[in-house]
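Trainee: I would like a close look at a single part of this model, with its pairing and its surroundings described step by step.

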Amino acid sequence: MRMKKAFIGLSLLFMIVPGIAKSADFFNPASKNDRSGIVANWKFTKQHVKSGSIDKGNLILEDTSKQGNDLKLVTIGDPASPELKNMIQWSEEDYYDQQEGGSMKFANYENAPSGRYFKTKKDAPINSEKFDKGFTIEAVFKLPRESKSGMGLFSRQGQAADLNKLEGEKKILSALTISNDQKIHWTSHPSNLNYNVSNWSRALNPDEWYHLAVVNDSYTTTLTLNGVSDYGKSEKVIGIAALKGKGWNIGASEWGNKLGGLFRGNIQEIRIADKALTEKEWIVQDARDDKPFEGSNKALPFLTNRKNYNFLFVPDVQKYSSQNPEIFNSQMNWISKNTKKNNIIMNTFVGDIVDNDLEEQWQNSLGAISNMDKNEVPYMIAAGNHDYAKGDPFLTHYGPKRFVNKKYYKGSSPSGYSSYAMAKAGSYEYLILIVDMKSLHKDLEWSKQVLDQHKDKPTILVSHDIIYPKVKDDKTIAAESSNGRLIWRELVKDHDQVFMTVNGHYFGIAHQVKQNSAGNDVIQMLVNYQTNYRGGNGWLRLVEFDEKKKELIFRTFSPFVDEMSKKEKSYIDYKFLTSENNSFKLNWDFKNRFNFN
C-alpha cells in the first residue's frame, strides 16, 4: 500500500535513533498537542464502540473528544434485507497500514434495498455549533475501485429554505461530497451570506488513502487534500449556518431534507475543531501521496540539436477555462514566446476547450488562445465532447473562419469541425489532420480524400477520442475505443503516411506502437491531465524529431510551474514529468518510415 515505503524508513529511524517509541502518538503528533478547540473526534474502529453492535443495528460510536457528540448507526430501507450484513463492516485497513487500529468499510450503493450511515444524537452540542470563529474539518478515508456515483461523506442536516434564505432553497447547508468524477466538493452555507460557497479538489484515485482538511479562519476557507490545495480559496466566509433541532450525517448527504448519496469506501477518522488548526495540529501531518508524479525541476533542453524540431500537443484545457484561466494564459504565453526558439512546427489542441457551454469559459479560452494569433504562432484545434452545444459555439469561435487566412491551414470538412494543415520541417512536409469526434462518420470520406491526395506527406492524425488507458497486470496499457477502432480501420491502417495519432478525452496518459497494413509503425498517444492537480497543472506534451540520431523524444512540460518561485511550489509541482509514459524515446528511421512508394 501507499505508506509502506514510509514505514521502512521509519523502522530504520527507530533502529538508528534510541529513545523513539513506535507508538500511535508518533504517527499522530496532534494527539500530544493542545486539544482545546476540538469539538468532535470520531474514530471508526472497534476500540471506540460505546455500546451496541453493527449486527443489531444499534451501534453507538463514542466522541473521543469527550464533548458528548456520540454517533449512532442509522438503517434505512428494508430492515430485513440480507445485504445489511455487508453494508457496514470493520476493516483492518487504515492510513498507516494497520498501525492505528483499522477503519470502517461502507458498502452502500445506489438503489440498494437498504443502507446504513451515522448521525449525531439529538442532544449533541455540535448540532447547534455555528463556528463563527472558524473551523477545521478533517477526514481520513479511502474510495473503492468500483466508485462511480456521487455520494456523501459528511453533511449538516437541513436546507437553505428552512433558514428563510432568498437563495438556495433545497440546497444542503454544508456537506463534504464526492462527485461522479471522484472529486471532493465542500459546499457551505455561511452565517453571513445568502448563498453557498464551494471548494473543489482534484479527482481522487480509487483504493488510495487520503487526508482531507477544510480550514476556515473566519474569513477564508481552504480545502487541502494530502497536503495540497488545488483550486484556491473561498473568501468572505464566516461560520456555518445551523438549524435548530438538526444534526450532522456521517456517510450521507441530503437534498431537500431527503437523504441521498450514501457513502461507499473506508472511513478511519473524522475530526472537527471550532477554530482554524495549523498544519502541525492536523491528524496527519505532512501527508504525501507516494510519488503521485515523477518529475524534475532541473533545466532540460527542448532541442538536443539545432536542426531538430518539435510538435507540441495541448491536452484537454477545460478545467483551465472553467476554473484556472491563469494556467491557460501561462501555457499560451509560453507557446507564443517559445515556438520559434524551440522550433515548434505546430501546436495542436486535442479537444475539450471548455468544460461547459458558458460564455465566460469561451471568453477565457479566447483570451488565452488569441495570444498565438497576435504572435502569428501556428496552431490547430480539435473539438471535444464538452465543446458541442446548441448553436455550435465551437465553430463560432474556432471554426474555419478563424483559420482561413493562415498560410498553413489548407481546408475544413463540410461540417466545419474537421480540418487539416501543412507544415514543413527538416527534410519533410508534414500534414496535420484533425478528425472530429462528433462528425466522425460524416467526415470519414472527406478525411480519406485528404489522405489520398497527400500520400507522400507524413501525417499526424488528431481526434478527441482514439485510445484510452487500461490497467493490465498492474501496468497501464493503451486500448482502442469504438471511435478509435473506426479511425484505425478507415483512416490509419491502409494509409501508410499516417505515422502518429494523438487524442485526449480519457482520464490519464498512455501510448503504444502498432503496425499498419504495410507492417510499419504507428505511434498512438493519449495525453489528458484534467483530473490531476489543478486540472492539469499546465503540462504540455512536446515531441522532438531528431532525424540525425533517428529518434523521437517525448517530453511533458509545464510553463505554469516553470514560472513559480521556490516558495510557491508544492511537493508535486514539477515543470517536467519524468515517468515512463511522460518522458520517453522511440527509435525512428525517418528515411525508411517515410518512404511511401
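In strand E36, which residue is the bridge partner of Phe554?

Mentor: The bridge partner of Phe554 in E36 is Phe584. The model is predicted, and what follows describes strand E34 in that model, then a helix and the sheet it lies across.

Phe554 belongs to E34, which covers residues 551-557. E34 and E36 (residues 584-587) are joined by four bridges and run antiparallel. Strand E35, made of residues 576-577, also pairs with E34 in the antiparallel sense, over two bridges. There, Thr556 has Leu577 as its bridge partner.

Strand E33 (residues 540-546) is another antiparallel partner of E34, joined to it by seven bridges. One of the residue pairs is Asp546 with Glu551 of E34. The two strands make a hairpin with four residues between them. In that turn, Lys550 has a positive phi of about 55°.

Now the burial of E34. In a regular strand, side chains alternate between the two faces of the sheet. On one side of E34 are Glu551, Ile553, Arg555 and Phe557, and on the other are Leu552, Phe554 and Thr556. Residues on both sides are buried, so that both faces of the strand are covered. In total, seven of the seven residues of E34 are buried, with buried meaning under 20% relative accessible area.

The surroundings to compare are those of helix H9, residues 440-453. Its 14 residues should span 20 Å at 1.5 Å a residue, and the end C-alpha atoms are 19 Å apart, which agrees. H9 nevertheless bends by about 30° at Trp446. Trp446 is itself buried, and other buried residues of H9 include Leu440, Asp443, Leu444, Ser447 and Leu451. An α-helix has 3.6 residues a turn, so residues three or four places apart point the same way. Among the elements that cover the buried residues of H9 are strands E24 (409-412), E25 (419-425) and E26 (428-434), together with helix H10 (482-492).

H9 lies across E24, E25, E26, E27 and E30, and runs at about 180° to E26. These strands are part of an open sheet of seven, in the order E24-E25-E26-E27-E30-E32-E31, with mixed pairing. At its edges are E24 and E31 (508-515), each of which pairs on one side only. From one strand to the next, the twist averages 15°. Within this sheet, E30 and E32 (residues 521-528) pair in the parallel sense over four bridges, and Val502 stands opposite Met525 of E32.

Notes: Residues numbered from 1 in each chain as written. Predicted model: local features only at pLDDT ≥ 70, side-chain atom pairs only at ≥ 80, totals over all residues. Heavy atoms only, no water. Expected span 1.5 Å × (residues − 1). Bend = angle between axes of the 7 residues up to and from the residue. Buried < 20%, exposed > 50% of the residue type's maximum accessible area, 1.4 Å probe, protein only. Contact = heavy atoms within 4.5 Å. Pairing = 2+ DSSP bridges. Axes fitted to C-alpha atoms, helices over the stretch in contact; angles between N-to-C directions.
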